Amino acid sequence: MAALEVRSITRRYEDRLAVDGLSFSLEPGTILGLVGPNGAGKTTTLRSIAGVLPLQEGRIVVDGADLAEQELEAKRRLAYVPDEPAPFDVLTVDEHLAFTARLYGLKDWRPRADELLERFELAERREALGSELSRGMRQKLSFCCAWLSDPAVVLLDEPLSGLDPRGIRAARAEILELKERGAAVVLSSHLLDLIEVLADRLLILDRGRARFEGTLEEARSAAAGASLEDVFFAVTSRGEAPPEARPRP
Ligand code: ATP
């Protein structure tokens, strides 16, 4: 069973079509690199899968739970780290973790929480309020909360922006660990070298539509062994997939 099924989702903002009939699925233990130019629809796609934006058309199934019919179940199996993490101003770092644990119905979460706080260098800031955290610290807290529940599907929107070098290293290691634990990870980023190192599969979005979907090897061989950057420009510059790349309906 796929960990994540996205079937023909479409999202409009008034008369603007941001995501246009997008479909893909992801197996457990796989990292999908989601790339595309500014405004391609990446954040809208992630927000739709996370259930932050109500689904207008299509179907999303998270670890067997249909987002429309079993909303709580689907959300419980999923973690989402948005591009602009916004912790609660009046909760401390520790209270965010306790709140997440209650929300997900977690037991014995403390050792894992402590491990994550150490890894992301927040252990000293347990008592700091959300409003007192720097941009990078907010990002790190967002990771700690997302990682805590051992989710089946993890959505990461530009996860490394604002992190210091140590934070970047920790985040990369945790993303790979998530994969080893069997999670399906959707990693949206403009950092193609990060995608190249971490992702197993690639989905290139442009103007709301999938222009390429396949393994990284397929992407490179479609462009005669070129770099991921060359593939990106070839697929997005004309707004259409080149004939060699596998087009998506
Ligand atoms: P970026 O790489 O710049 O973050 P993106 O691929 O994440 O871009 P989205 O943020 O999903 O793209 O935006 C897709 C389209 O939807 C864009 O044309 C954008 O202007 C539009 N859009 C996004 N959010 C809204 C909104 N709240 N209201 C109206 N239009 C929106």
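Let me begin with a term: a residue is called buried when its relative accessible area is under 20%, and exposed when that area is over 50%. The model I am showing is a predicted one.

I will start with helix 5, which covers residues 135–148. Which of its residues are buried? Gly136 is, and then, further along, Gln139, Lys140, Leu141, Ser142, Phe143, Cys144, Cys145, Ala146, Trp147 and Leu148. That makes 11 of the 14 residues, so the helix is mostly covered, given the cut-off of under 20%. What does the covering? Among the elements that cover those buried residues are two strands, strand 6 (78–81) and strand 7 (153–157). Helix 3 (93–104), helix 4 (110–119) and helix 6 (165–180) also take part.

As for its length, helix 5 reaches 20 Å from its first C-alpha to its last, close to the 20 Å expected at 1.5 Å a residue. After the helix comes Asp150, with a positive phi near 55°.

That brings me to backbone angles. Most residues other than glycine have a negative phi. Two more residues in this model have a positive one. Glu14 has a phi near 50°, and Glu14 sits in the loop between strand 1 (4–13) and strand 2. Asp108 also has a phi near 50°, and Asp108 is in the loop between helix 3 and helix 4. Are these two buried or exposed? Glu14 has a relative accessibility of 79%, so Glu14 counts as exposed. Asp108 is at 73%, and therefore counts as exposed as well.

Now for a buried residue in helix 3, namely Asp94. Its relative accessibility is 15%, which is why Asp94 counts as buried. Which residues does Asp94 contact, leaving aside neighbours within four places in sequence? They are Arg110, Leu117, Arg126 and Glu127.

Leu198 is another case, found in helix 7, residues 192–198. With 3% relative accessibility, Leu198 counts as buried because the cut-off is under 20%. Not counting residues up to four places away in sequence, Leu198 touches Ile31, Arg172, Ile175, Leu176 and Leu187. Take Ile175 from that list: Ile175 and Leu198 are 23 residues apart along the chain, and their C-alpha atoms are separated by 8.2 Å.

Last, the ligand. Which residues are around it? From the earlier part of the chain there are Tyr13, Arg16 and Ala18. Then comes a run from Pro37 through Asn38, Gly39, Ala40, Gly41, Lys42 and Thr43 to Thr44, and finally there is His190. By class, this shell has 6 polar, 4 nonpolar and 2 charged residues. Strand 2 (16–26) and helix 1 (42–49) each supply at least two residues of the shell. Helix 1 gives the most, with 3 residues.

Three polar contacts to oxygen atoms of the ligand are worth pointing at on the screen. In the side chain of Lys42, an N or O atom is 2.7 Å from a ligand oxygen. For Thr43, a polar backbone atom is 2.9 Å from an oxygen of the ligand. For Thr44, a polar side-chain atom lies 2.5 Å from a ligand oxygen. How much of the ligand does the protein bury? Taken alone, the ligand exposes 640 Å², and the protein buries 60% of that.

Terms used: Residues numbered from 1 in each chain as written. Predicted model: local features only at pLDDT ≥ 70, side-chain atom pairs only at ≥ 80, totals over all residues. Heavy atoms only, no water. Helix = DSSP H or I, 4+ residues; strand = E, 2+ residues; numbered from the N terminus. Expected span 1.5 Å × (residues − 1). Buried < 20%, exposed > 50% of the residue type's maximum accessible area, 1.4 Å probe, protein only. Contact = heavy atoms within 4.5 Å. Near = heavy atom within 4 Å. Polar contact = N/O pair within 3.5 Å; in protein donor to acceptor, adjacent residues only side chain to side chain. Areas by Shrake-Rupley, 256 points an atom, 1.4 Å probe, with all protein chains shown as cover. Nonpolar A, V, L, I, M, F, W, Y, C, P; charged D, E, K, R; others polar.
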